[in-house]
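Colleague: I am new to this structure and would like a close look at a single part of it, followed outwards into whatever lies around it. Could you take me through that part slowly, in one connected account?

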Amino acid sequence: MRKKILHKLIRITTIPLSLEKLLEGQLSFMNSYYEVIAIAAEKERLEKYGRDNSVKTFWVNMTRKITPLEDLKAVLKLYRYFITEKPLIVHTHTPKAGIVGMFAAKLAGVPIRLHTVAGLPLLETTGTKRKILNFVEKLTYSLATKIYPNSFELKKIILDHKFTTNKKLKILGKGSSNGINTKYFDPKLYSEKDNEMLRKELNINRSELVYVFIGRIVSEKGINELITAFKRLYNTNPNVKLLLVGLFESDLDPIDGSNLEIIRSHKGIISVGYQEDVRPYLAISDILTFPSYREGFPNVVMQAGAMNLPSIVTDINGCNEIIKNNINGIIIPVKNSNSLYNAMSKFQNDPSLLEGLRKNSRVHITANYERKQFWNLLLAEYKELEKQNKSSRE
C-alpha cells in the first residue's frame, strides 16, 4: 500500500531551547499529521533535538540581538530552503525567528504563514531601539497570514499598539503556546523519601518555608525585587529559603551586581543553575515567586500549579490569567519589592492561607490547560487553514 504523502510543516524558533521547553512534545505529535521540520540556531543542539524528537531539522544562524546583516543572510538561506522544500505551513515563535521566518516564507510564496506571540520584549525598551522593534513587530505581523497571541491580555496589548488588526489575531483555547502535561507535572510522582534526599543535598530543613523561582536569572524577571524582598523577609524570620533554578544571563539583561553577590553569599538563598527537569525542585518547594516584568503565557506558572504550588505573580498578561487572586495565588504590582515582600510574608505568617490556595492550584491547571487538548486545538486550526487554502486555489 502506498504511503500517504504528508504536507510539510516547518516550525522555527530562534534557539533550540524554545523547541525543547516552550514547545515540548508538540512537534513529535504533529509528525503523525505532517512532515515536520524544526529550524533554529545552535546546530549541534538542534540536531540532538531532532534525534530525540524524531523530526527533521535545518540549521540557520540567528541571535536574539539586533544583527541586520546576519538576519538578511538567514532570510536568504531560509528562502532558498523553502523554495526547495515547498512547505504548506511555516509557523514561527520568538521575535527574531518571526521576522526572519515570515519574511522568507512570504518571499517564497508559502501559503500558510503563522506566528505565535508569546511575549513582547520590546515593552521593556525605549528610544530608538523601541522604534526599531515596533517596526519589526508590525512587519512580522503584516507578512503572516495569522497571528496567535498566547494570552488574552497580550492580544489586547497588540491591538492597543496597533501592530495588526483584530481580524488577523486568534487565541487558541484559554491561552498558552503548548499547554501542560499534568501527568508529567504531578506531585504524586515524588515520594517523601525523594523529597527528603533533595532537601538534604540542598541543606533545606523540612520545617523551612521554601519559595522557588524558575527561569532566567535576569533583571526583567524581577530578580532584583525578589532578592530585596527575600532578604527583608529572612531578617524578620530566618526559617525560610529561596531556591533559584535557572541560568544567569549577564550579557543580555544582568541583575544588579550587589544582588549577584547576595545570591552567592546569603545563607537563605540556594542557586542550582539550569535544570533539565524542574519537577524535583517544585516538589520540595511551597510557593512559586515569579515577579516578572513581561510574559506571554508562562509555562512555569502552569508547572508550579500542576505540582500543587500556589504562585505569587505580577499583574501582567498570562500570569494574571493563570492565577486568580487569593484562589490559587496572589497577584502583585510589577516592579514592586514592597508588595512582593508583603505577599511572601502572608504565606510565612498564615499557614492556612498556603493550604487553602494549594487546594485549588492543581485542580485549576488540569481543568483548563491540559497539553493534549491544546495540541488538538492547534491541529484543528492547521487543518481548517489547509482546507481554506485548498478552496481558495480551486
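Modeller: Strand β7, residues 209-214, and strand β10, residues 287-290, run parallel to each other in this predicted model and are paired over two bridges. One residue to look for here is V212, whose bridge partner in β10 is L288. Packed on the sheet to which these strands belong is helix α9, residues 223-236, which touches β7, β8 (240-245), β9 and β10, and whose direction makes about 160 degrees with that of β8. Another helix, α12, made of residues 299-306, lies across β7, β10 and β11 (311-314), and runs at about 170 degrees to β10.

To place the pair in its setting, follow the whole sheet from one edge to the other: the order is β9-β8-β7-β10-β11-β12, an open arrangement of six strands with parallel pairing. At the edges stand β9 (269-271) and β12 (329-332), each of which pairs on one side only. On average, and with direction ignored, neighbouring strands of this sheet are turned by 25 degrees against each other.

With β8, strand β7 also pairs in the parallel sense, here over six bridges, and within that pairing F213 stands opposite L244 of β8. Strand β8 is itself mostly covered, for six of its six residues are buried. If you look along β8, you will find V240, L242 and L244 pointing one way and K241, L243 and V245 pointing the other way, and all of these are buried.

A further sheet deserves the same patient reading. This one is open and has six strands as well, in the order β3-β2-β1-β4-β5-β6, and its pairing is parallel. The strands at its edges are β3 (56-59) and β6, each pairing on one side only, while neighbouring strands are turned by 20 degrees against each other on average, direction ignored. Within this sheet, β4 and strand β5, residues 112-117, run parallel and are joined by five bridges, and H91 stands opposite L114 in β5. Helix α5, residues 95-107, lies across β1 (8-12), β4 and β5, and runs at about 160 degrees to β4.

From here the view can turn to the enclosed spaces. The structure holds three cavities of 30 Å³ or more, and in the largest of them lies about 100 Å³ of space. The lining of that largest cavity consists of 16 residues, and those nearest its centre are T116, Y148, L172, S176 and F374. Two or more residues of the lining come from each of β4 (89-93), β6 (146-149) and α16 (371-393). Sorted by kind, the residues lining the largest cavity are six nonpolar, eight polar and two charged.

Helix α16 also offers a last place to pause, as S391 lies in this helix. S391 counts as partly exposed because its relative accessible area is 44%, a value that falls between the limits of under 20% for buried and over 50% for exposed. Along the sequence S391 is 373 residues apart from S18, and in space the two are 34 Å apart, taken from C-alpha to C-alpha.

Definitions and conventions:
Residues are numbered from 1 along each chain as its sequence is written. This is a predicted model: local features need pLDDT of at least 70, side-chain atom pairs count only at pLDDT 80 or more; totals for chains, interfaces and linings use all residues. Side-chain values use heavy atoms; hydrogens and water are left out. On a 1 Å grid over the protein atoms alone, a cavity is a set of points where a 1.4 Å probe fits but cannot get out, and a pocket is an open set with protein on both sides within 12 Å along at least five of seven lines; lining residues have an atom within 4 Å of a point. Grid points are joined across faces, edges and corners, and a volume is the space filled by probe spheres set on the points. Helices (H or I, at least four residues) and strands (E, at least two) are DSSP runs, numbered from the N terminus. Ala, Val, Leu, Ile, Met, Phe, Trp, Tyr, Cys and Pro count as nonpolar, Asp, Glu, Lys and Arg as charged, and the others, Gly among them, as polar. Two strands pair if DSSP finds at least two bridges between them. Axes are lines fitted to C-alpha atoms, for helices over the stretch in contact, and angles run from 0 to 180 degrees between N-to-C directions. Contact means heavy atoms within 4.5 Å. Buried means under 20% relative accessible area, exposed over 50%, partly exposed in between (1.4 Å probe, protein chains only).
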